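Work through the exercises below with the model open. Try each task before reading its solution.

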Amino acid sequence: MAGRVSIGQGAQFLDALTRVSNRSGVSQDIFETAMGFLDIECRAGGLWLPAQGLWLDPRRRRTGPEPVVVTHAHADHIGAHRQVILTRPTARFMRLRLGGRRAERIVAFGEPLTLEGPAGLYTLTLLPAGHILGSAMAFVQSDVGSLLYTGDFKLRAGGAAEPCDLSLVSSCDTLVMETTFGLPRYRFPPATAVWEAIHGFCRETLDQGGTPVLLAYSLGKSQEVLVGLGNAGFAVALDRDCHRIARLYEELGFPLPPYALWETSPAPGTVVVCAPNAARARRISPLTRPRLAAVTGWAMDTACRHRYGVDAAFPLSDHADFSELLELVDHVRPRRVWTLHGFAADFASTLRERGFDARTLGQPDQLSLGLPPAPT
Ligand SMILES: [Zn+2]
């Protein structure tokens with residue numbers, strides 16, 4: 001998000017003012033809607049709410065007195081900020097990944113925080129986003145209006161994250177949502193069918209004397225893959241990064257099936273799970289007849305196998321698919337939607353066709369540039 005893009009309508013406004021008469025003939029002024037939109041700006045690789053003095057997921061380091069909400073600990077959402085508001089798991093993952101010290105305000109899901117910004121008091125509530133362990137949506141409520149910022153999310157139940165819970169949000173004025181898979185062709189098959197296919201790939205590879213290697217990024221996805229394999233009785237070895245984060249999952253009270261550390265030669269009959277960069281570093285070459293599979297939502301694209309250089313690809317994602325994006329919008333009934341990430345322009349167009357006031361925020365569409373998006 002280069003430069004500074006100012007969004008919003010500024011001060012509070014009135015949507016409608018209607019004059020009617022009651023039975024006694026005395027006229028009344030009825031304010032049908034007296035709520036407005038919070039000002040939001042696209043800055044420092046994230047969002048800035050000037051009236052609240054609040055940052056949401058800036059990529060560039062913030063050292064001022066304004067608090068920063070970090071929705072989850074993936075690399076494109078964290079930074080060495082001065083003070084952060086986040087969940088306990090996100091704080092632990094950030095300490096592991098960034099080191100250093102910062103002022104942490106750790107909050108539980110659903111616990112409203114009253115904060116003071118330049119325009120007065122407002123409430124911030126973190127809600128489970130269902131993306132990875134500790135991932136949160138940020139719900140901001142002020143006298144001017146309300147805003148829900150989704151960060152990365154999914155509505156489907158996953159194996160390694162708290163389920164998304166939007167029961168506290170029956171409506172909002174502004175919705176800022178990620179739209180990674182914002183095209184109709186990204187409707188994922190049921191998870192049971194995907195897992196059957198993954199299990200089949202692993203069994204077949206092991207039966208032929210080979211080593212199945214599943215590529216899944218280290219924070220979140222590799223733990224979900226571990227759960228899905230362990231529940232089916234497979235022995236699993238994790239690369240060093242995935243292993244370190246699995247340990248943290250357990251320290252945070254999240255139960256995982258047994259797993260080993262993959263160093264050189266895993267025990268016969270073991271499925272190796274590693275981050276894509278570990279495979280690229282040719283660490284797989286000592287393995288016996290390795291067969292690689294990518295575990296990513298981009299497996300819906302026929303070019304995925306070629307793009308990742310793998311033998312198979314399975315569409316298991318920790319992001320919402322197209323249907324879930326629509327479901328979210330239907331649930332929170334926003335008066336205005338801003339889309340960002342992935343197919344943001346396409347999804348905003350889809351929403352406009354459905355009668356929503358929807359606009360695009362952030363970077364140009366990735367597909368139109370022909371760039372492979374990051375693994376998800
Ligand atoms: Zn993420």
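**Exercise 1. Burial in α3**

Task: Find which residues of α3 are buried, and what covers them.

Solution. Step 1: list the buried residues. In α3 these are K221, S222, Q223, E224, V225, L226, G228 and L229. Buried means that 20 or more other C-beta atoms lie within 10 Å of the residue's own; exposed means 12 or fewer, partly exposed in between, with C-beta atoms placed from the backbone. Helices (H or I, at least four residues) and strands (E, at least two) are DSSP runs, numbered from the N terminus.

Step 2: weigh the count. Of the 10 residues in α3, 8 are buried, and the helix is mostly covered.

Step 3: name the cover. It includes α2 (191-207), β15, β16, α4, β18 and β19.

Two notes on reading the model. Residues are numbered from 1 along each chain as its sequence is written. The model is predicted: local features need pLDDT of at least 70, side-chain atom pairs count only at pLDDT 80 or more, and totals for chains, interfaces and linings use all residues.

**Exercise 2. The α3/α4 packing**

Task: Determine at what angle α3 and α4 pack, and which residues meet.

Solution. Step 1: take the axes. Helix α3 (residues 221-230) and helix α4 (residues 240-251) pack at about 75°, their axes 9 Å apart. Axes are lines fitted to C-alpha atoms, for helices over the stretch in contact; angles run from 0 to 180 degrees between N-to-C directions.

Step 2: classify the angle. α3 is therefore roughly perpendicular to α4. The classes are roughly parallel under 35 degrees, roughly antiparallel over 145, roughly perpendicular from 65 to 115, and oblique for the rest.

Step 3: find the contacts. From α3 come S222, Q223 and L226; from α4 come C242, I245, A246 and Y249. Contact requires C-beta atoms, placed from the backbone, within 7 Å.

Step 4: sort by class. The α3 contact with α4 has 5 nonpolar, 2 polar and no charged residues. Ala, Val, Leu, Ile, Met, Phe, Trp, Tyr, Cys and Pro count as nonpolar, Asp, Glu, Lys and Arg as charged, and the others, Gly among them, as polar.

**Exercise 3. α4 alone**

Task: Describe the span of α4, its buried residues and what follows the helix.

Solution. Step 1: check the span. The 12 residues of α4 reach 17 Å from first C-alpha to last, close to the 16 Å expected at 1.5 Å a residue. The expected span is 1.5 Å times one less than the number of residues.

Step 2: list the buried residues. They are C242, H243, I245, A246 and Y249. An α-helix has 3.6 residues a turn, so residues three or four places apart point the same way.

Step 3: name the cover. α3, β16 (235-238), β17 (260-261) and β18 (270-274) are included.

Step 4: look past the end. G253 follows α4 and has a positive phi, near 90°.

**Exercise 4. The sheet beneath**

Task: Work out the strand order of the open sheet of 6 strands, and where α3 and α4 lie on it.

Solution. Step 1: trace the order. It is β17-β16-β18-β15-β19-β20, with parallel pairing. Two strands pair if DSSP finds at least two bridges between them.

Step 2: mark the edges. β17 and β20 (312-314) each pair on one side only.

Step 3: inspect one pair. β15 (residues 211-215) and β18 run parallel, joined by 3 bridges. V213 stands opposite V272 in β18.

Step 4: place the helices. α3 lies across β15, β16, β18 and β19 (290-295), at about 165° to β16. α4 packs on the sheet and touches β16, β17 and β18; its direction makes about 105° with that of β16.

**Exercise 5. A237**

Task: Locate A237 and decide whether this residue is buried or exposed.

Solution. Step 1: place the residue. A237 is in strand β16.

Step 2: count neighbours. A237 has 22 other C-beta atoms within 10 Å, so this residue is buried.

Step 3: list contacts. Leaving aside neighbours within four places in sequence, A237 contacts Y259, A260, L261, W262, P266, T270 and V272.

Step 4: check a distant partner. The C-alpha atoms of A237 and V273 are 6.2 Å apart, with their positions 36 residues apart along the chain.

Note on methods: Contact = placed C-beta atoms within 7 Å.
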